[in-house]
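Colleague: I'm happier at the bench than at the screen, so could you walk me through how to read a model like this one?

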Amino acid sequence: MQRVVLVTEREEGLQLMSRIDQSEVFELVGTLQDQLHPMSSPFENVPVFTYSSAPDVSVDLIIYSPSCKESANRLYEFKYPDAGKLPVSQFEVMLLLLNDKEIAVKDLSHLQQLRSILDNTHDGMIVIDQHLMITIFNKSAEKMTGISKEDAVGKSILEVMPNSQLPRVMDSGIEEVNQEQMLANGTKIFTTRTPLLSHEGRKLGAFAVFKDITEIVDLAEEVTNLKSIQSMLRSIIQSSEEAISVVDEQGKGIMINPAYTKLTGYTAEQVIGKPATTDISEGESIHMQVLKTRKPVRGARLRVGPNRKDVIVNVAPVIVDGLLKGSVGVIHDVSEIKGLTEELNRARQIIRTLEAKYSFEDIIGKSEEMNFAMDQAKLAASTPATVLLRGESGTGKELFAHAIHNASSRKFNKFVRVNCAALSESLLESELFGYEEGAFSGALRGGKRGLFEEANGGSIFLDEVGELSQNTQAKLLRVLQENEIRRVGGTKAIPINVRVIAATNVNLEKMIADGTFRQDLYYRLNRMPIYIPPLRARNQDIILLANHLLQKLNQDYGRSIDVISKDAEKFLLAYHWPGNVRELENVLGRAIIHMSHTDSQINRSHISLLSLEQTKAKSESTVDNFITGEETKTLAQQIDEFEKSILTEAIERFNGNKTKTAKALGISLRNFYYKLEKYGLDEKPRK
């Protein structure tokens, strides 16, 4: 028996006395007569004492109210230094747990033994008091949540686990049984939440007991008794959305769940006690295979039920003391892979195989900068060398890639384009290099050719190559060095003959310095670099491009806009075009949409440009000065000064917030940082 002393307020003390008297675990040996909290004992054999008259008896626990904590500490220090101290809320939780779990605690020598029982249970357990403070957080809870006990106990549950439903359960006073929940670290659990109430109905807190259901198959491989598996997992299996079946060592069904019935169409009466082959309409029983080999099988494809549902099955054996006792299977409807299939379809649209449809005649520009870029591109087209197209977003890098392919000796073969930034690493790898049958769940039978194989003999355009992961960079380097690829899940090298055209709008040299881009891959890609100038660097091409785009937009929108007015042209020339040709097309398209069907000319009033109103005075002054010859600086110098002033004003307007500034200017964050470094604004203090 645990010998207990109370240092509590009168009401709490009287309630505890009655409960302790009914307990078979605790024995009340006295109550402290505190001057601020006087209390008399209703039990004749329980003394009420002061500090000076404390009984000379062995005491195991000092139970105290929060308001009496100082008195409890004093009693502990001067009279019972070997006793444990416990707040009333935790003590009441302990009484409830002892009753609800029927733990046989007959002769505990110390409170640590009870805590050891809670810590060593396989179930996670969290208890909060009426103030939402965590009082118990066992080792299993630490393991499942990834939160240490030191970071949890004594803190608010809402601080440690903001999405916890324990406060709601405590407020409602209603128990919630076998609720599915996803923890912040991705662990999937089933939890039972119970309010803690005193005999009088007073809310004392709440506690949760939960299990990690991602370990179902592993548990089937490790637990040493099939009956204990059934008992421990029955509630989880019945509540699971995944179809689960269990057979004995003879291969006869002993347990299924509602999800299994929904998937296969078979009820418990049709399966329990029947052979494991009963539900199979096509294929061999994986249960029987596992029972024969005593080894788990994962990712097996079958057809089950009268409707011949296509499923994927994971089955594990149940072995007890070296003896095979049965197996547990988890069945997934292949339709669950619908989300992945849709993603693949979207990916195929993004990286679809195209015939190159543009030539150098489609590239509009007569400026010296653009003529130099086209001369380099034509030279590159006559060689098999790898080409790296560099330039800001919207300058026409893909247009150049099409033109290079169409001007090369490979023009009658395929041209494949890939947006490297649009796909995850794993999906991009399988699309680029293909995969073998069975390489992963959902892989097509017979495998799949990758885009490098599809482009064999032709060209492949890798857009946004700077976004490739380090792992994919290494594989691309091998392709460039060895002219061969290896499919995902394959061991055979496949020779290819592909011309690689890469493009990026980021500073690869800076990425190399930062360690995010491989230097050896850079040298392979940069064999024939071509820089495509931004629109602001070739001002004389703006009107030429605008008229060309106007004809295209007339066809797209069924309009007949003939001309751009002089004031509108001057307005377009005054803008710095951070979005380049793509932004110019957007502006003209928006103007046409809002024009009347009777209009045949784009005027200044039809055009609205981002941030131009703030810089109008400066831009017009700069253009006028250049035209009249009042400014002695070169065009490039004037453009740089103009761009720097725009950046400076924008940074100040957004109080130094770089993300908001870049978004407002319509440029990528990478490009924005590059410009800050270029103009020495990266160290500009925020206001």
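**Reading the model step by step**

Modeller: Gladly! Let's begin with the surface: the accessible surface of the protein chain is about 34300 Å², and carbon and sulfur atoms account for 49% of that area. Please keep in mind that this is a predicted model.

Colleague: How many of the residues count as buried?

Modeller: Of the 687 residues in the protein chain, 49% count as buried. For that label, a residue needs under 20% relative accessible area. The secondary structure consists of 27 helices and 26 strands. As for contacts between residues at least 6 apart in sequence, 61% of them join residues at least 24 apart.

Colleague: Let's try a single strand. Why is strand S11 described as largely enclosed?

Modeller: First, the general idea: in a regular strand, side chains alternate between the two faces of the sheet. Now the case here: S11 covers residues 243-248, and six of its six residues are buried, so the rest of the structure largely encloses it. On one side sit Ala243, Ser245 and Val247, on the other Ile244, Val246 and Asp248, and both faces are covered.

Colleague: Which strands does S11 pair with, and in what sense?

Modeller: One partner is strand S16 (residues 323-333), which runs antiparallel to S11 and is joined to it by six bridges. Within that pairing, Ala243 has Ile331 as its bridge partner. Strand S12 (residues 253-256) also pairs with S11 in the antiparallel sense, over three bridges. There, Ser245 is matched with Ile256.

Colleague: What lies between S11 and S12?

Modeller: The two strands form a hairpin with four residues between them, and in the turn Gly251 has a positive phi of about 85°.

Colleague: Can we read a helix in the same spirit? Why is helix H16 called largely enclosed?

Modeller: Count its buried residues. In H16 (residues 425-433), seven of the nine are buried, so the helix is largely enclosed by the rest of the structure. The buried ones are Leu427, Leu428, Glu429, Ser430, Glu431, Leu432 and Phe433. Look just past the helix too: Gly434 takes a positive phi of about 80°.

Colleague: Now the pockets. What is the volume of the largest pocket, and which residues lie nearest its centre?

Modeller: The largest pocket has a volume of about 880 Å³. Its lining is made of 30 residues, with Tyr358, Gly396, Leu399, Val581 and Glu585 lying nearest the centre. Two or more lining residues come from each of helix H15 (397-406), strand S19 (415-419), helix H21 (542-557) and helix H23 (580-594). H15 makes the largest contribution, five residues.

Colleague: And what is the chemical make-up of that lining?

Modeller: The lining of the largest pocket splits into 10 nonpolar, eight polar and 12 charged residues.

Colleague: How would you read the second largest pocket?

Modeller: In the same order. The second largest pocket holds about 700 Å³ of space. It is lined by 30 residues, and those closest to its centre are Asn505, Asn507, Asn671, Tyr674 and Lys675. Helix H19 (508-514), helix H25 (635-653) and helix H27 (669-678) each provide at least two residues of this lining, and H27 gives the most, with seven. By type, the lining of the second largest pocket has 11 nonpolar, six polar and 13 charged residues.

Colleague: Thank you, that gives me a route to follow on screen.

Definitions and conventions. Residues numbered from 1 in each chain as written. Predicted model: local features only at pLDDT ≥ 70, side-chain atom pairs only at ≥ 80, totals over all residues. Heavy atoms only, no water. 1 Å grid on protein atoms, 1.4 Å probe; cavity = no way out; pocket = protein on both sides within 12 Å on 5 of 7 lines; lining within 4 Å. Points joined across faces, edges and corners; volume = space filled by probe spheres on them. Nonpolar A, V, L, I, M, F, W, Y, C, P; charged D, E, K, R; others polar. Buried < 20%, exposed > 50% of the residue type's maximum accessible area, 1.4 Å probe, protein only. Contact = heavy atoms within 4.5 Å. Areas by Shrake-Rupley, 256 points an atom, 1.4 Å probe, with all protein chains shown as cover. Pairing = 2+ DSSP bridges.
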